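Welcome, and please take a moment to turn the model around before reading on. The paragraphs below will lead you through it step by step.

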Amino acid sequence: MKKEKIAVIGTGMMGMSLAALFTGNGYDTTVLATKEASIQRGRDSYGEIYRLLRDRGLVTEAQAALCGKNLHFTLEYQDLAGCAVFFECAVEDKAVKHSIYRQIEAACPNCKVIASTSSAMAPEDLCGAMAHPEKLVVAHPFNPPHLVPFVEMVKSPHTSQEAAQTAYDMLEDCGRKVCVMKKSAPGFIANRLQHALLREAIYMVEEGLAEPRDIDKALMYSFMPRYTSVGLFEHQDAAGLDMVQSIENYLFPSLSDRKTAFDFVDQRVFGKKRGQKDGQGTYQWDAASIADFKVRASEPYWQYFNWKLPEA
């Protein structure tokens with residue numbers, strides 16, 4: 001697979017994290033930017049990723065320099081003509097994504113697969129404007145993808161086996177754990193699970209059952225650590241499905257089945273208290289607490305670092 005050249009569309013957090021992952025595993029990677037300022041921003045983000053990896057002792061200076069030689073930037077689609085695998089990391093706007101796909105198809109005859117990193121858009125909607133919809137697949141990683149190994153892959157009815165397999169093999173070669181959905185559904189796998197849990201957590205707050213901090217503590221110190229080592233279905237088998245059946249029949253009628261966002265969320269959004277970017281959401285945030293959060297959010301994933309780094 002290392003013979004395949006990769007293109008990353010976008011210089012944001014997702015794009016540059018993927019570029020770090022691919023170059024760190026020996027892939028020649030070109031990042032498409034929209035303007036010169038974006039190229040500098042991308043270089044800075046890439047450099048910061050490798051600085052943190054060096055600080056953790058995971059990458060040497062010499063290895064980082066070799067990985068950096070695999071990274072290129074361009075403003076022109078024509079410069080991506082030799083690339084076979086494309087990762088689209090654009091904003092969640094269907095018109096923007098459609099424009100990108102049309103330009104790739106026009107300028108890049110060697111394209112084997114376009115993998116969208118969309119976190120929500122169905123592949124059958126994304127491929128609608130393409131001349132070759134069989135080349136489109138959703139490959140949704142979780143941020144930051146250079147650390148978080150999970151990627152969920154979603155195929156449309158048009159996706160070819162070659163396109164899906166090309167993306168799958170390349171991601172697995174980079175140490176990612178790729179989960180393939182049998183068919184598309186809003187939110188895919190992980191966000192459906194995450195927001196089902198969040199719905200019940202907010203419901204408990206609105207019902208006056210517990211404060212957000214205590215709910216967070218309950219998650220962090222009860223079952224969440226378990227599920228980093230064993231799976232949910234594995235654990236239910238260990239507990240006994242007869243017990244699961246009894247609990248579900250008793251508990252499910254009291255759980256939230258709300259279909260829209262809670263007042264708890266709406267009031268904060270409308271009041272410009274949207275979280276870290278406003279300094280206040282459910283919690284208060286300042287520079288120190290945000291920096292601490294970023295360290296803690298990355299901590300569980302360092303154990304999965306498994307790049308195939310070059311020998312310096």
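A residue is called buried when its relative accessible area is under 20%, exposed when that area is over 50%, and partly exposed in between. Keep this scale at hand, and keep in mind that you are looking at a predicted model.

Let us begin with lysine 112. Its relative accessibility is 30%, so lysine 112 counts as partly exposed. Which residue does lysine 112 form a salt bridge with? The partner is glutamate 4, and the closest N and O atoms of the two are 2.6 Å apart. Now look at where the two partners sit: lysine 112 belongs to the loop between helix H4 (94-107) and strand S5 (113-116), while glutamate 4 is in the segment before strand S1 (6-9), so this pair ties together parts that are 108 residues apart in sequence. Glutamate 4, with a relative accessibility of 8%, counts as buried because that value is under 20%.

Why can such pairs form at all? Side chains of opposite charge can pair when their charged atoms come close. A search of the whole structure turns up eleven salt bridges, and two further ones are worth a visit.

One of them joins lysine 97 to glutamate 92, with 3.4 Å between the closest N and O atoms. Here lysine 97 counts as buried, at 0% relative accessibility, whereas glutamate 92, at 40%, counts as partly exposed.

The other pairs lysine 308 with aspartate 173, whose closest N and O atoms are 2.7 Å apart. This pair links distant parts of the chain, for lysine 308 is in the segment after helix H12 (287-298) and aspartate 173 is in helix H6 (residues 161-173), 135 residues apart. Lysine 308 has a relative accessible area of 44% and is therefore partly exposed; aspartate 173, at 18%, is buried. Elsewhere, Glu48, Arg51 and Asp55 are joined into one network by salt bridges that share partners.

Next, turn to the nonpolar residues inside the model. The largest nonpolar core has 44 residues, and the members that touch the most others are Phe22, Tyr50, Phe87 and Met170. Helix H1 (residues 13-24) gives the largest share of this core, namely seven residues. To get a feeling for such a core member, pick out phenylalanine 87. Setting aside residues up to four places away in sequence, phenylalanine 87 touches Ile6, Ala7, Val8, Ile9, Leu18, Phe22, Ala115, Thr117, Ala139, Met170 and Leu171. There is also a second, separate core of 23 residues, which includes Ala7, Cys83, Cys108 and Val154.

From here, move to helix H2 (residues 36-55), where you will find leucine 53. Is leucine 53 buried or exposed? Its relative accessibility is 0%, so leucine 53 counts as buried. Apart from neighbours within four places in sequence, leucine 53 is in contact with Leu58, Val59, Trp302, Phe305 and Trp307. Take tryptophan 302 as an example: along the chain, tryptophan 302 and leucine 53 are 249 residues apart, yet their C-alpha atoms are separated by 9.5 Å.

Arginine 54 also lies in helix H2, but its surroundings can be described separately. At 27% relative accessibility, arginine 54 counts as partly exposed. Its contacts, leaving out neighbours within four places in sequence, are Val59, Thr60, Glu61 and Ala64. From arginine 54 to glycine 175 the distance is 19 Å, C-alpha to C-alpha, and the two are 121 residues apart in sequence.

Trp307, which is in contact with leucine 53, is also in contact with histidine 146. Histidine 146 is found in the loop between strand S6 (136-141) and strand S7 (150-155) and, at 9% relative accessibility, counts as buried. Its other contacts, beyond neighbours within four places in sequence, are Ser17, Leu21, Ile49 and Arg176.

Finally, look at how two helices meet. Helix H7 (residues 190-206) and helix H11 (residues 263-270) pack at an angle of about 90°, and their axes are 9 Å apart. The two helices are therefore roughly perpendicular to each other. On the side of H7, Ile202, Val205 and Glu206 take part, and they meet Asp263, Phe264 and Val265 in H11. By class, this contact has four nonpolar residues, two charged ones and no polar ones.

Note on methods: Residues numbered from 1 in each chain as written. Predicted model: local features only at pLDDT ≥ 70, side-chain atom pairs only at ≥ 80, totals over all residues. Heavy atoms only, no water. Axes fitted to C-alpha atoms, helices over the stretch in contact; angles between N-to-C directions. Helix = DSSP H or I, 4+ residues; strand = E, 2+ residues; numbered from the N terminus. Parallel < 35°, antiparallel > 145°, perpendicular 65-115°, else oblique. Contact = heavy atoms within 4.5 Å. Nonpolar A, V, L, I, M, F, W, Y, C, P; charged D, E, K, R; others polar. Salt bridge = Lys/Arg side-chain N within 4 Å of Asp/Glu carboxyl O. Buried < 20%, exposed > 50% of the residue type's maximum accessible area, 1.4 Å probe, protein only. Core = buried A, V, L, I, M, F, W, Y, C linked by side-chain atoms within 4.5 Å.
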